[in-house]
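I set out to look up one helix from end to end, along with what packs against it. My entries follow the order in which I checked things.

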Amino acid sequence: MKDQHFFAMLSRMKYINRWGLMRNTITENISEHSLDVAFIAHALGVINNTYFDKSLNPERLAVLGMFHDVTEIITGDMPTPVKYYNPFIRNAYKEVERVARDEMLSGLLEDMQEQYKPLLLETKEEEHLWQYVKAADKISALIKCIEEKRMGNMDFNEAEKSIKQIIDEMELPEVKYFVDNYLEAYYKTIDESK
């Protein structure tokens, strides 16, 4: 790739479709998904600060959510059942993500690379924030399942159950709060939500 390609590559997020193993009534690309994750991650930070007396930075969570799937511009969207099929594939994919991150970073001037590096893959320093981004990612996936099922697409039945179980097992009160207070609206039409 040519020098300073980072931002041009970001604009290609809209070409990477998600849910490749599933029949979709509405396609979803990683650009749309990342914005949803950013919204939800931000909300989890606000919920944390409002109801659970902590001090998360909702804006940082939103930015991490925006960038959380950037490496998929190079790797494509690897379906979850494949990505986590066994430890060998999971570890190999982590290495592929690292290489993709480095390739993306090479498209920035050197002075900017260190600021973008922690946005593209989880860092130890922000591990506590990434757990909220991962939770937002799962909530976004659950919402996709709900939307597909509302359109009559039962291909998302099992995905909805397994993702809901993962969310229910998370030990983050902000996630439970979001699910308990905001998820129901996704099952309704816009007229029913008013």
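I began at the start of α2, where a side-chain oxygen of N29 comes to within 2.9 Å of the backbone nitrogen of S31. I note that the model is a predicted one.

I then looked up I30, which lies in helix α2. Is I30 buried or exposed? I found a relative accessible area of 0%, so I30 is buried. Leaving aside neighbours within four places in sequence, I listed M13, I16, R18, D69, E72 and I73 as the contacts of I30.

Next I checked the length of α2. The helix covers residues 30-51. For its 22 residues at 1.5 Å a residue, I expected a span of 32 Å, and the end C-alpha atoms are 31 Å apart, which agrees. I also took the pair I30 and N49, 19 residues apart along the chain, and their C-alpha atoms are separated by 28 Å.

I looked at what follows the helix. Just after α2, D53 takes a positive phi of about 50 degrees.

Which residues of α2 are buried? I wrote down I30, H33, S34, V37, A38, I40, A41, L44, G45, I47 and N48. What do the buried residues of α2 pack against? I found α3 (58-67), α4 (72-75), α8 and α10.

I followed up the packing on α10. Helix α10 takes in residues 173-182, and its axis is 9 Å from that of α2, at an angle of about 105 degrees. Angles of 65 to 115 degrees count as roughly perpendicular, so I entered α2 as roughly perpendicular to α10. On the α2 side I listed I40, A43, L44, I47, N48 and Y51; these meet E174, V175, Y177, F178 and Y182 in α10. I sorted the residues of this contact into 9 nonpolar, 1 polar and 1 charged. I40, L44, I47 and N48 are among the buried residues of α2, and they also take part in the contact with α10.

My last entry is on a residue outside the helix. Where is E126? I placed E126 in the loop between α7 (110-120) and α8 (127-150). Its relative accessible area is 14%; buried means under 20%, so E126 is buried. Leaving aside neighbours within four places in sequence, I found E126 in contact with R60, L64 and P118.

Definitions and conventions: Residues numbered from 1 in each chain as written. Predicted model: local features only at pLDDT ≥ 70, side-chain atom pairs only at ≥ 80, totals over all residues. Heavy atoms only, no water. Axes fitted to C-alpha atoms, helices over the stretch in contact; angles between N-to-C directions. Helix = DSSP H or I, 4+ residues; strand = E, 2+ residues; numbered from the N terminus. Parallel < 35°, antiparallel > 145°, perpendicular 65-115°, else oblique. Contact = heavy atoms within 4.5 Å. Nonpolar A, V, L, I, M, F, W, Y, C, P; charged D, E, K, R; others polar. Buried < 20%, exposed > 50% of the residue type's maximum accessible area, 1.4 Å probe, protein only. Expected span 1.5 Å × (residues − 1). Polar contact = N/O pair within 3.5 Å; in protein donor to acceptor, adjacent residues only side chain to side chain.
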